[in-house]
Amino acid sequence: MISIKINNVEFFVKKNISVLEACRYVGIFIPRFCYHEKLSIAGNCRMCLVDNGIKLVSSCTAVVEDTAQVFTDSPMVKKARENVIESLLLNHPLDCPICDQAGECDLQDQTKIFGGDYSRFFMSKRGVEDKECGPLIKTIMTRCIHCTRCVRFGTEVAGVDYFGTLNRGGSTEIGNYIPKLFDSEVSGNVIDLCPVGALTSKPYAFKARPWELRITESIDLSDSLGSNTYLNFKETEVVRILPKNNVNLNENWISDKARFSYDALKTQRIQQPLIKKGANLSKTNWLEAFNSLNKTINEEKTIFIFDEDLDLTSMNILKKIQRKNPKNVNLACISTSNEYKNYYDNFLNNKLIEINKNIINCFVISSNVKLESAILNTRLKSKFINETFNLVSLGLNVKTNIPTNIINLNLNSILNVFEGKSIKLSKLFVKEKNPLIIFGTSFKQRFKNIEILKSSIKKIMPTTIFLTLEERSNTKGRSLTGNLNSLNQNLLNNSKNAVFVNVENSTKTYSMVNNFKGKIFWINTHYSDVLNKVTDGYILPALSYYEDENLFLNLEEKAQKTLKVIYH
């Protein structure tokens, strides 16, 4: 800790941090546009100028020094900020009433606080051509203030050099050198990064204003990471999903799947209980449907089929139904795993926060992390840029945005690496104190019990950190409740009735329903093509994850909860 004076008040702050960070830690706000805590320092907006007693310096690039003194509210600093705001508004269009960023725009807020009440510029404003980024990002580049946040995000986090700075001086603009789509799984994060309305969400365009929205915390269920999110909803409709900052999990980012998946909440929904006889579909009521289901369970062999997206509460309800009638009721999960989970061991070792520590080598076994967990891939990418970090992929030669060494996958080659028999890779493993090993979803299909491999590696290197990527959002929860029976043809053939609970529309599901001759109870949120093959049974609506409180376990076995957003 070192001593620093800010506005004639002495504070003790950490060493080797910027003046801007020091002021933020002690509660003093310094305006800025280009600075972001998860991106590299650019220092080009000049809004964060402070007075060090000699001259004005940008606080984001100035490192704190012992016994140094800075002023954040001197007359010279205030005048400099006013001039910066004036220069940013020279070519900025006055279209706040029709801008989607209005109400949560940094330029609006800082102009009101630090800007002047007149402008010395009376000439024509410069216009910039809009760029086509794809179906998710809307661009109005005349509003751009050249903070370069989107440029740095693409290079340092997304791993896609999409945006860049073109021309110089008064002709400077942000654009892409070659017109193309923003091909990234996390491209939507530039919408949050943009401090003005240059980059906004196309699906959200003209939907609502910030002051009309209510906010609820939730989680992302598109993968097993469980990224923390904020849900913005207007009346009974979710109109936007934003990331919630969680340093130990998803930091400031969410994937595009998490950000734009909310549109499925209001299309093709099953609204009321239906009964189907042959090709005829008619309305029914809940009492008749539940009486039929209860009679079926008590009299005939019934199988409940679900997948690993089902929440913990629903899984426990199914277990209670099975315990009450064990002779007639079977539970089966459509999954790729059937392994024992040592939760205490995983709790000690499966820590995403460990990625930020002294890890030099990462071994990815049969996984495309970029697709299976886009946010985890951004953390690996950031570590590769900022530190010495080696990535080795065993088994899959995939397109990645991190330079990777790739070797063929078989069990012997994996063990040879960790036993010191591989000439190229064993040196990396032996020298590493805390190697990180990531298992992919496809590896579980080839190797039935990963715990055996983990224990073998642990004997060689006890400090190894494991992460197992799961295909579904609640795979860990399925193992915790003891629903370990994977679906097989024998269970299906021995059942006269089948209850499908929130099972997704897939070729496997289509084949099962098409070949099943008994009564079917289809409990789901949405219609699907599978229902055309149901000849005898009930179709019952279910609540989505945002219409009820549900509990899920992510890949670290952390329990996370979705809250009720939409009320019926």
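**Burial, charges and cysteines in a predicted model**

Student: How many residues are there, and what share of them counts as buried?

Tutor: The protein has 568 residues, and 54% of them count as buried; please keep in mind that this is a predicted model.

Student: OK, and how many helices and strands are there?

Tutor: The secondary structure comes to 18 helices and 26 strands, and the C-alpha atoms fill a box of roughly 85 × 60 × 45 Å when it is taken along the principal axes.

Student: What share of the contacts joins residues at least 24 apart?

Tutor: If we take the contacts between residues at least 6 apart in sequence, 66% of them join residues at least 24 apart.

Student: Switching to the outside, what is the accessible surface?

Tutor: The accessible surface comes to about 27,100 Å², and carbon and sulfur atoms account for 52% of that area.

Student: And how many positive and negative side chains are there?

Tutor: There are 73 positive and 58 negative side chains, and the centres of these two sets lie 4 Å apart.

Student: How many disulfides are there?

Tutor: The count comes to zero disulfides.

Student: Why is there no bond between Cys 34 and Cys 45?

Tutor: The cysteine sulfur closest to that of Cys 34 belongs to Cys 45, but at 3.6 Å it is too far for a bond, because a disulfide needs the two sulfur atoms within 2.5 Å.

Student: What about Cys 144?

Tutor: Cys 144 is in no disulfide either, and the nearest cysteine sulfur, which belongs to Cys 150, is 6.3 Å away.

Student: Are Cys 34 and Cys 144 buried or exposed?

Tutor: Cys 34 is buried, with a relative accessible area of 2%, and Cys 144 also counts as buried, at 17% relative accessibility, because the cut-off for buried is under 20%.

Definitions and conventions. Residues are numbered from 1 along each chain as its sequence is written. This is a predicted model: local features need pLDDT of at least 70, side-chain atom pairs count only at pLDDT 80 or more; totals for chains, interfaces and linings use all residues. Side-chain values use heavy atoms; hydrogens and water are left out. Helices (H or I, at least four residues) and strands (E, at least two) are DSSP runs, numbered from the N terminus. Buried means under 20% relative accessible area, exposed over 50%, partly exposed in between (1.4 Å probe, protein chains only). Contact means heavy atoms within 4.5 Å. Accessible areas come from the Shrake-Rupley method with a 1.4 Å probe; for residues, only the protein chains shown count as cover. Lys and Arg count as positive and Asp and Glu as negative; His and the chain ends are not counted. The place of a charge is taken as NZ of Lys, CZ of Arg, CG of Asp or CD of Glu.
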